[in-house]
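Me: I am new to this structure and would like to learn how to read it. Could you walk me through it?

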Amino acid sequence: MIKLGILGVGDLTEKMVRGLQRDAGELDVFMSPRGREKALTLARDCGCRVMPDNQAVVDAADIVLVGVRPAQLPELAKQVTLRHDQTLISVVSGVSVAELQRLFGIDRCGRAMLSYAAEINRSTVAVYPADRGVEALLHPLGNLIVLASDTEFELATVSACMNGWFYFLLHDLQHWLIEKELPSERARALVLSSLEDCLAYARHCDTSPFLDLGRAIATPGTFTEQGLEMLGLHHANAAWGAACEVVFDALLTRSERDFCLDTAEMAL
Ligand SMILES: NC(=O)c1ccc[n+]([C@@H]2O[C@H](COP(=O)([O-])OP(=O)(O)OC[C@H]3O[C@@H](n4cnc5c(N)ncnc54)[C@H](OP(=O)(O)O)[C@@H]3O)[C@@H](O)[C@H]2O)c1
């Protein structure tokens with residue numbers, strides 16, 4: 001039986017707990033009391049326990065999952081003392097393993113990045129560093145991808161943002177169809193199905209570069225090529241790249257800035 005403590009019962013950790021309870025085997029979950037409504041709902045739906053305070057969560061757990069927002073992390077770290085035989089997994093964006101180790105005072109700290117699809121066990125599960133226990137715990141939530149450095153993990157975080165952006169792309173494409181008077185549910189079905197086609201075929205041709213797969217469809221004189229040219233004229237691809245760059249820069253800047261701040265505070 002794995003004893004999992006959750007510090008920060010929020011939108012993401014709630015979905016992770018629901019996915020884990022469905023598919024992770026023997027698991028006892030202990031939750032911090034803040035985010036009370038979510039915690040009580042999870043206690044009712046999944047048999048998790050709401051603990052009186054954060055230290056009680058830590059004391060009951062083998063593995064501690066941290067799911068607060070980045071700005072809330074320093075305050076949380078001051079509220080708990082972890083044991084050296086415990087493992088901490090953080091889903092907090094932009095906080096490196098070294099920062100986690102310093103904040104929580106233990107060596108076995110790791111990072112994980114997931115999406116809301118954790119709730120249905122279909123999320124990307126990016127993990128750094130490699131750790132058999134962490135991988136075994138989170139693997140039931142979806143596609144496990146183990147990263148090799150904090151920088152690779154920040155790139156996985158940019159990729160997790162792409163997941164959010166895709167919904168807006170789906171919205172725009174659906175609404176173009178709706179504006180042309182296609183009923184909403186058929187527009188939704190067509191857009192989703194078209195994306196599913198693309199993903200399924202790309203997975204089927206798993207050694208082919210995406211660009212080759214696209215070019216094989218957008219051959220000269222096709223309607224696909226005609227639309228692709230218009231996307232190029234509007235710098236659509238450059239816009240996606242710019243969005244990735246701005247998030248990546250922010251993640252790297254945040255890590256460096258906080259590292260310097262904390263070091264300065266420790267020196268005082
Ligand atoms: N949401 C996503 O799609 C997503 C995806 C990937 C990664 N992440 C990362 O996951 C983290 C959580 O995001 P979220 O959207 O799930 O946030 P959220 O919904 O705001 O959840 C954070 C929870 O932590 C609680 N909390 C704050 N300080 C606490 C403390 N000292 N002790 C115990 N609980 C405390 C908050 O309670 P109060 O409401 O009382 O403040 C809230 O219930 C973020 O760091 C984010 O970077 C999120």
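Reply: Happily; we will look at the sheet and then at the ligand. This is a predicted model, where local features need pLDDT of at least 70, side-chain atom pairs count only at pLDDT 80 or more, and totals for chains, interfaces and linings use all residues. Residues are numbered from 1 along each chain as its sequence is written, and side-chain values use heavy atoms, with hydrogens and water left out.

Me: In what order do the strands form the sheet?

Reply: Strands of a sheet pair through backbone hydrogen bonds, either parallel or antiparallel. Strands here are DSSP runs (E, at least two residues), numbered from the N terminus, and two of them pair if DSSP finds at least two bridges between them. In this model eight strands make an open sheet, ordered β3-β2-β1-β4-β5-β6-β7-β8, with mixed pairing. β3 (49-50) and β8 (142-146) stand at the edges with a single partner strand each, so one side of each has no neighbour in the sheet.

Me: Which strand pairs with β1 in the parallel sense?

Reply: β1 (residues 2-7) pairs that way with β4 (residues 63-66), over four bridges. Gly 5 stands opposite Val 64 in β4.

Me: Which polar contacts does the ligand have?

Reply: A polar contact is a pair of N or O atoms within 3.5 Å. An oxygen atom of the ligand lies 3.0 Å from a backbone N or O atom of Asp 11, and a ligand oxygen is 2.9 Å from a polar backbone atom of Leu 12. The side chain of Asn 54 has an N or O atom 2.9 Å from a ligand nitrogen.

Terms used:
Polar contact = N/O pair within 3.5 Å; in protein donor to acceptor, adjacent residues only side chain to side chain.
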